[in-house]
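Opening a fresh page for this one. I want the overall layout, then the helices.

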Amino acid sequence: MEAMDFFQMSEGRWISQRTTHHLAMRRTELGQLEITASVLEATDPKVVEICQMHDVDPARAIGGAAVSWQGSMQWDEAGQTQEGATVLVLVPDSDAAQSGQLLREKGYAETSPVVGHYQVDDQDGLILTTDYSTMSSVERFWFPNATTRIRTSTVIGLSNTASFCVETRIDVPSESSPVSSPESAPEAIAIPAAQYSALGW
């Protein structure tokens with residue numbers, strides 16, 4: 001598989017069931033989010049804009065994705081939700097489409113634009129790494145089949161977490177009630193979404 005294949009396979013709507021292990025506290029948090037992704041062609045104005053933001057020649061980009069998410073985590077305070085949106089752009093290293101730069105308009109641990117790295121491994125998994133000034137993250141995702149995506153991530157720094165997500169494609173849009181909240185934990189602790197995942201969703 002090539003890197004853009006992962007974005008193309010991710011296009012659509014997904015329900016994400018997440019388990020996050022907060023290593024320092026030795027506690028586990030559950031969550032559920034709905035994710036929507038759409039593929040952006042290499043010539044899309046959003047892709048060009050992100051490349052120019054990072055002083056990268058837009059002609060080097062092979063495409064990108066627009067991603068939005070909403071839902072909740074177990075330790076969210078009353079009324080708090082996890083939601084956001086971002087644009088991701090893939091810029092391969094020279095002729096090697098299997099690895100390169102991952103550009104974003106802003107980071108999740110920091111609000112300034114951030115550049116990460118992507119690599120397709122020999123088991124058809126996409127690995128994303130990002131180094132911030134206060135932490136670093138590694139995320140890997142792969143597709144057991146066309147309707148299931150699995151993601152693992154670790155964040156090391158101010159907060160040390162490890163997350164596992166099983167995500168299921170939603171083939172037919174649902175008009176049912178919003179994503180339900182996980183059952184409440186005995187203690188409410190607010191933790192930024194940036195510490196759940198390298199991508200923030």
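My notes below go from the whole chain to its helices.

Ground rules: this is a predicted model, where local features need pLDDT of at least 70, side-chain atom pairs count only at pLDDT 80 or more, and totals for chains, interfaces and linings use all residues. Residues are numbered from 1 along each chain as its sequence is written, and side-chain values use heavy atoms, with hydrogens and water left out.

Layout. I get 2 helices and 10 strands, taken as DSSP runs (helices H or I, at least four residues; strands E, at least two) numbered from the N terminus. The order from the N terminus is α-β-β-α-β-β-β-β-β-β-β-β.

Burial. Of 201 residues, 45% are buried, meaning under 20% relative accessible area, with exposed over 50% and partly exposed in between (1.4 Å probe, protein chains only).

Helix α1. I looked up residues 3–10 and found Ala3, Met4, Phe6, Phe7 and Ser10 buried. They sit on the same side of α1 because their arc around the axis is only 150 degrees, going by directions from the helix axis to the C-beta atoms. Just past α1, Gly12 has a positive phi of about 125 degrees.

Helix α2. Which residues of α2 (45–53) are buried? Val47, Ile50 and Cys51 are. They fall within an arc of 100 degrees, so they line one face of the helix. Pro45 and Gln52 are exposed on the other side of α2. At the N-terminal end I noted Asp44 as the cap, with a side-chain oxygen 2.8 Å from the backbone nitrogen of Lys46. Right after α2, Asp55 takes a positive phi of about 55 degrees.

Technical notes:
A polar contact is a pair of N or O atoms within 3.5 Å; within protein, one must be able to donate a hydrogen and the other to accept it, and residues adjacent in sequence count only if both atoms are side-chain atoms.
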